Amino acid sequence: MTYDNEGRFKPQNFEDVFAKYDKGNKGGLTWSDLLDLWKGQRMVFDFFGMSAAVLEWTATYLLLWPDDGVMKKEDIRRIYDGSIFFKKAEEYERKQRAKADLRSSTSRSLVERA
């Protein structure tokens, strides 16, 4: 789909997927859009390819876990180039810092009450 037979990323094919399957110009794909993509890209009697596509896109959705249900195009592009893992690491650190700050402020308020 977005790679050629020699394994090179083809940006135009990537853009074409979103032009064709991003219903409503959301800037990403929902589960409904993914169903349309799977139907549109399947080959007759290619059960392995279809199963692999479903598995890949399910893993992508689980990795991105969008709050609004829309996997953003830039996040999907980051999966292709590998930079999504740096973004996810930053998000994880931010969440851990917020939890630590909440714990420390809670413990401080408990000490002040005592």
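This section describes the pockets, salt bridges and selected surface residues of a predicted model.

Two pockets are considered. The largest pocket holds about 380 Å³ of space. Its lining consists of 18 residues, and those that lie nearest the centre are Met1, Leu37, Ala53, Glu56 and Trp57. Helix 2, helix 3 and helix 4 (73-81) are the elements that each give two or more residues to this lining. Helix 3 supplies the largest share, with 6 residues. By residue class, the lining of the largest pocket comprises 11 nonpolar, 4 polar and 3 charged residues.

The second largest pocket contains about 230 Å³ of space. It is lined by 14 residues, with Leu64, Trp65, Pro66, Asp67 and Lys88 nearest its centre. Two elements, strand 2 (71-72) and helix 5 (84-113), give two or more residues to the lining of this pocket. Helix 5 gives the most, namely 5 residues. The lining of the second largest pocket divides into 6 nonpolar and 8 charged residues, with no polar ones. In the largest pocket, by contrast, the lining has 11 nonpolar residues and 3 charged ones.

The salt bridges are treated next. The model has 13 salt bridges in total. One of them joins Arg77 to Glu15, with the closest N and O atoms 2.5 Å apart. Because Arg77 belongs to helix 4 and Glu15 to helix 1, this pair ties together parts of the chain that are 62 residues apart in sequence. Both partners are at intermediate accessibility: Arg77 is partly exposed, with a relative accessible area of 22%, and Glu15 is partly exposed at 28%.

A salt bridge is also formed between Asp75 and Lys87, where the closest N and O atoms are separated by 2.8 Å. The pair links distant parts of the chain, Asp75 being in helix 4 and Lys87 in helix 5, 12 residues apart. The two side chains fall into separate accessibility classes. Asp75 has a relative accessibility of 14% and therefore counts as buried, the cut-off being under 20%. Lys87, with a relative accessible area of 25%, is partly exposed. Asp75 and Lys87 also belong to a network of salt bridges in which Arg78, Lys88 and Glu91 are linked with them. Lys88, a member of this network, is among the residues nearest the centre of the second largest pocket.

Within helix 5, Glu93 forms a salt bridge with Arg97, and the closest N and O atoms are 3.5 Å apart. These two residues are separated by about one helical turn, because they lie 4 residues apart in helix 5. Glu93 is partly exposed, with a relative accessible area of 45%.

Several residues outside these ionic pairs were also examined. Val44, Phe45 and Phe47 form a nonpolar patch on the surface, and together they have about 440 Å² of accessible area. Within this patch, Phe45 is placed in the loop between helix 2 (31-41) and helix 3 (47-64). Its relative accessible area is 69%, so Phe45 counts as exposed, the cut-off being over 50%. Phe45 also has a positive phi, near 60 degrees, although the residue is other than glycine.

Asn25 likewise is not a glycine and has a positive phi, of about 50 degrees. Asn25 is located in the loop between helix 1 (11-21) and strand 1 (28-29). With a relative accessibility of 70%, Asn25 counts as exposed.

Phe85 is found in helix 5. Its relative accessible area of 53% places Phe85 in the exposed class. The C-alpha atom of Phe85 is separated by 9.3 Å from that of Leu63, and the two residues are 22 positions apart along the chain.

Definitions and conventions
Residues are numbered from 1 along each chain as its sequence is written. This is a predicted model: local features need pLDDT of at least 70, side-chain atom pairs count only at pLDDT 80 or more; totals for chains, interfaces and linings use all residues. Side-chain values use heavy atoms; hydrogens and water are left out. Patches are made of residues with over 30% relative accessible area and no salt bridge: like charges are joined within 9 Å, nonpolar side chains (Val, Leu, Ile, Met, Phe, Trp, Tyr) within 5 Å. Accessible areas come from the Shrake-Rupley method with a 1.4 Å probe; for residues, only the protein chains shown count as cover. A salt bridge is a side-chain nitrogen of Lys or Arg within 4 Å of a carboxyl oxygen of Asp or Glu. Buried means under 20% relative accessible area, exposed over 50%, partly exposed in between (1.4 Å probe, protein chains only). On a 1 Å grid over the protein atoms alone, a cavity is a set of points where a 1.4 Å probe fits but cannot get out, and a pocket is an open set with protein on both sides within 12 Å along at least five of seven lines; lining residues have an atom within 4 Å of a point. Grid points are joined across faces, edges and corners, and a volume is the space filled by probe spheres set on the points. Ala, Val, Leu, Ile, Met, Phe, Trp, Tyr, Cys and Pro count as nonpolar, Asp, Glu, Lys and Arg as charged, and the others, Gly among them, as polar.
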